[in-house]
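Reader: I am new to this structure. Could you walk me through it and tell me how each label is earned?

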Amino acid sequence: MPDTPAGTRHAATLRFLAAPMDVGYSGTVDAGTVLEWVDKAAYACAVGWSKSYCVTAYVGNIHFADPVLVGDMVEVEAVIVYTGRSSMHILTTVSSGDPKGSSATMRSQCLVIFVAVGADGKSIPVPHWQPVTGWEKEQEQLAVARLAIRADIEKAMADQVYSDAGTAQRTVLRFLAAPTDVNWGGKVHGGIVMKWMDEAAYVCSSRWCARHTVAVFSGGIRFYRPLLIGDVVEVEARLIYTGNKGMHVSVHVRSGDPRTGEMHLTTHALTVMVARDETGTSVPIPRWEPVSDEDRRLYRHAREIIDIRSRIPGNLLPTHLRQAGSTA
């Protein structure tokens with residue numbers, strides 16, 4: 001592992017105003033936009049630390065507890081908490097508040113993993129992060145503790161098969177990746193991909209409950225391969241579990257060259273959506289009952305993921321992630 005070079009920065013902070021074009025159907029900033037901000041701040045932190053181009057590999061559990069309002073002063077802070085050979089685990093915190101003077105409130109927080117890559121696209125070593133303060137040591141320990149849990153989640157998600165045998169609500173969005181979606185390495189920006197996933201989950205969940213919905217949680221966002229400008233993109237969202245208020249939606253992103261028609265899985269995640277009334281309070285939604293064998297398997301899979309996440313150190317599952325009554 002290389003020594004830390006002089007001038008290497010282990011943190012980055014972005015500050016800006018939430019703009020009118022950031023507003024979603026709920027009247028507040030979309031979760032997809034927040035995820036895009038998170039990805040940009042974590043990228044700046046990763047590049048500052050590694051001094052090389054970096055790609056998003058994984059975005060951990062992120063709870064959207066409180067909304068960001070249009071006109072808010074937003075602060076997105078990203079800080080290194082652990083490094084592997086080529087990976088950087090970055091704790092990213094989104095805060096916002098009235099720019100006229102009120103203090104900023106934390107809106108969401110998650111762990112993002114970036115990997116440094118060379119000119120040939122292969123991973124390269126990064127400087128070793130050595131925690132110094134008590135807080136830094138604690139965060140490194142938490143990051144290490146999550147490694148095994150993350151592996152369990154990834155295995156559980158990778159083992160699932162999604163086919164036409166499923167009968168649950170399903171939405172597929174298709175379009176071309178545009179030049180405006182490009183990142184600093186010529187590929188599609190990871191934050192843009194997460195925004196697409198949020199949009200597909202919104203359509204799927206809104207069709208199920210016949211209400212506008214918002215994301216309250218997203219987790220296990222795994223980036224398998226780059227998505228190229230000009231690719232045909234397919235974003236598939238499928239309902240796999242409902243609690244009293246939360247709708248668990250599995251989202252897959254596939255892409256490919258339009259000249260061949262061959263599609264490859266690029267990204268996968270699980271998102272939890274809720275419906276809200278005029279006051280912003282989440283409301284009960286129709287219960288989904290599994291019908292086919294595939295429905296029942298994916299339903300059990302969602303409950304398995306909930307159980308795995310409950311083992312995260314210090315993690316307190318909010319109401320929308322707790323299990324409802326059993327459906328065989």
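Author: Happily; below we set some values against their definitions.
This is a predicted model, in which local features need pLDDT of at least 70, side-chain atom pairs count only at pLDDT 80 or more, and totals for chains, interfaces and linings use all residues. Residues are numbered from 1 along each chain as its sequence is written, and side-chain values use heavy atoms, with hydrogens and water left out.

Reader: How many helices and strands are there in the protein chain?
Author: The protein chain has four helices and 12 strands. These are DSSP runs numbered from the N terminus: H or I of at least four residues for a helix, E of at least two for a strand.

Reader: What makes the radius of gyration of the protein chain agree with a compact globule?
Author: The radius is taken over C-alpha atoms, and the globule rule is 2.2 Å times the number of residues to the power 0.38. For 328 residues a compact globule would have a value near 20 Å, and the protein chain has 19 Å, so the two agree.

Reader: How do you know that the span of helix H1 agrees with its number of residues?
Author: The expected span is 1.5 Å times one less than the number of residues. With 20 residues (31-50), H1 should span 28 Å, and its end C-alpha atoms are 28 Å apart, so it agrees. Just after H1 comes Lys 51, with a positive phi near 60 degrees.

Reader: What makes H1 mostly covered?
Author: Of its 20 residues, 17 are buried. Buried means under 20% relative accessible area, exposed over 50%, and partly exposed in between (1.4 Å probe, protein chains only). For the whole protein chain, 52% of the 328 residues count as buried.

Reader: Why is His 268 called buried?
Author: His 268 has a relative accessible area of 2%, so it is buried. This residue lies in strand E11.

Reader: Which residues does His 268 touch?
Author: A contact means heavy atoms within 4.5 Å. Not counting residues up to four places away in sequence, His 268 touches several residues, including Met 157, Tyr 162, Gly 220 and His 252.

Reader: Which elements do the buried residues of H4 pack against?
Author: They pack against helix H2 (134-158) and strands E8 (213-223), E9 (232-242), E10 (247-256) and E11 (264-276). Among the buried residues of H4 are Leu 298, Tyr 299 and Ile 305. H4 itself covers residues 293-309 and reaches 25 Å from first C-alpha to last, close to the 24 Å expected.
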